[in-house]
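Here is a short report for a first look. Keep the sequence and the 3D view at hand while you read.

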Protein chains: 2
Amino acid sequence: MHDVSHTQAHTQAHTQARPQRADARRNYARLLAAAEAEVAVHGAEVSLEQVARTAQVGSATLRRHFPNRQALLSAVFHQRIEALCALATDLATKDDPRTALLEWLRALAHYVASARGMAASLTIAESPDDAEHCFTYLATAADPLVRRAAAAGAVRADATAADLLTVVTGIALATEHHPSGAAEVDRLLTLVTEGLSPRT
Amino acid sequence: MHDVSHTQAHTQAHTQARPQRADARRNYARLLAAAEAEVAVHGAEVSLEQVARTAQVGSATLRRHFPNRQALLSAVFHQRIEALCALATDLATKDDPRTALLEWLRALAHYVASARGMAASLTIAESPDDAEHCFTYLATAADPLVRRAAAAGAVRADATAADLLTVVTGIALATEHHPSGAAEVDRLLTLVTEGLSPRT
DNA sequence: CAGACAAACGGAGGACCCCGCCGTTTAGGG
DNA sequence: CCCTAAACGGCGGGGTCCTCCGTTTGTCTG
């Protein structure tokens, strides 16, 4: 199935010994580098034409490697997503459940606030079959962390990893155009973890 | 000066308070009606051309009445904003501080979740001089409510009305493309008001 | 080493959008 | 009934997204 080439192209930034031509690999790398630079400046609504131009590549080539905007964004943020997943599995073994979860949430907030467009890319579900969608990827990685915290009574039992993810990305989205920036995100995160108005 | 409808007064207060020509008023009304319909379908990223087309009006006429996208969105959501402000002042006198605030937050969440594009329009600060920007408008209206709750110890002292507003709109933004919709927003709101992980 | 063939490329072009300009229409006061 | 300023809207330039399609080029094979 043609999906093989796509999956390979997107997620396999590390292992690429596949039936792909050398020039294709080269262009993929140029596109990814250009996309990182452009997204860092313009966020998730970056002009795809501009990315192709920066990479000195035809616009059709970009679309061949990344069929839609979300695919490009996923690739751009893939390393950061991976790092967060690794941190989640790491924290799941150490520390006490509550501080582990909080530390992870804070790391997530930091990433999402500092990388322009990352929060937006976590909310968009563009392709119907997004088994590899960044959001679910992160959610499944964080799930054990949340379950463990729930078991210890550190979070409400009905709170899922997806919920926490949604709240954090939401805060980032709402503060993105906001000048104060990352500091604001951190403040709001503590606000919601402690509770806006907890029952006495 | 302010004899005209509220919606009109809001957008045109700073440009001109003079009596408009009859055709201008008529076109304004048509544009607003068209915008409400289109925004309800396509959200905040609605095509301005499409709005003008639906209103059977030239695109320049739209730009004359609404100099930028945010102005149009502000007008579209003005009634809802007004209603929320009225509710805020109403609740500020009745009920106990905490339930009053919570009720208002819930009402806000409901509005923002049901009206497509409203959350987005609350985050965008397009024009530099937006003293009448919807967000600040709402924030000042909610401020007494928050202060009263803070005085009663129902919210953290460092939480401002703008903070609560940001959190709620953020949740709405993060769940907008999400199929589950308004129910999800409500769930997440209780989650953050109670606290994701309050200290024991 | 020299084809051959599929993989990959990139330009062109259509559809749409935002935006400003500017000539034309028309409402409404004198 | 005019006259003027307010209001209108068409047009064109520049941009993006996206698709098609002819051309180049890597790579595999004989």
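Which atom of DNA strand D does a polar side-chain atom of B:Asn27 lie 2.5 Å from? The partner is a phosphate oxygen. Note that this is a predicted model.

## Phosphate contacts

B:Asn27 uses its side chain. A:Ala22 offers a polar backbone atom instead, placed 2.9 Å from a phosphate oxygen of DNA strand D. B:His65 returns to the side chain: an N or O atom there is 3.5 Å from a phosphate oxygen of the strand.

Several helices supply two or more residues to the surface near DNA strand D. In chain A they are H3 (48-54) and H4 (59-65). In chain B they are H2 (22-42) and H4 (59-65). H4(B) gives the largest share, 4 residues.

## The surroundings of strand D

DNA strand D has 22 residues around it. Those that come nearest are A:Glu49, A:Arg53, A:Arg69, B:Arg21 and B:Asn27. Of the strand's atoms within 4 Å of the protein, 64% belong to sugar and phosphate.

The surface mixes classes: 8 charged, 7 polar and 7 nonpolar residues.

## A helix pair in chain B

Helix H8 (residues 134-151) and helix H9 (residues 161-176) of chain B have axes that come within 8 Å. They cross at roughly 120 degrees, so H8(B) and H9(B) are oblique to each other. The crossing is right-handed.

H8(B) brings B:Phe135, B:Leu138, B:Ala139, B:Ala142, B:Asp143 and B:Val146 to the contact. They meet B:Ala161, B:Ala162, B:Leu164, B:Leu165 and B:Thr166 of H9(B). By class, the contact has 9 nonpolar residues, 1 polar and 1 charged.

Terms used. Residues are numbered from 1 along each chain as its sequence is written. Chains are lettered from A and ligands numbered from 1 in the order in which they are written. This is a predicted model: local features need pLDDT of at least 70, side-chain atom pairs count only at pLDDT 80 or more; totals for chains, interfaces and linings use all residues. Side-chain values use heavy atoms; hydrogens and water are left out. Axes are lines fitted to C-alpha atoms, for helices over the stretch in contact, and angles run from 0 to 180 degrees between N-to-C directions. Angles under 35 degrees count as roughly parallel, over 145 as roughly antiparallel, 65 to 115 as roughly perpendicular and the rest as oblique. A crossing is left-handed if the near helix is turned anticlockwise from the far one by less than a right angle, and right-handed if clockwise. Contact means heavy atoms within 4.5 Å. Ala, Val, Leu, Ile, Met, Phe, Trp, Tyr, Cys and Pro count as nonpolar, Asp, Glu, Lys and Arg as charged, and the others, Gly among them, as polar. A residue is near a molecule or strand if one of its heavy atoms lies within 4 Å of it. A polar contact is a pair of N or O atoms within 3.5 Å; within protein, one must be able to donate a hydrogen and the other to accept it, and residues adjacent in sequence count only if both atoms are side-chain atoms.
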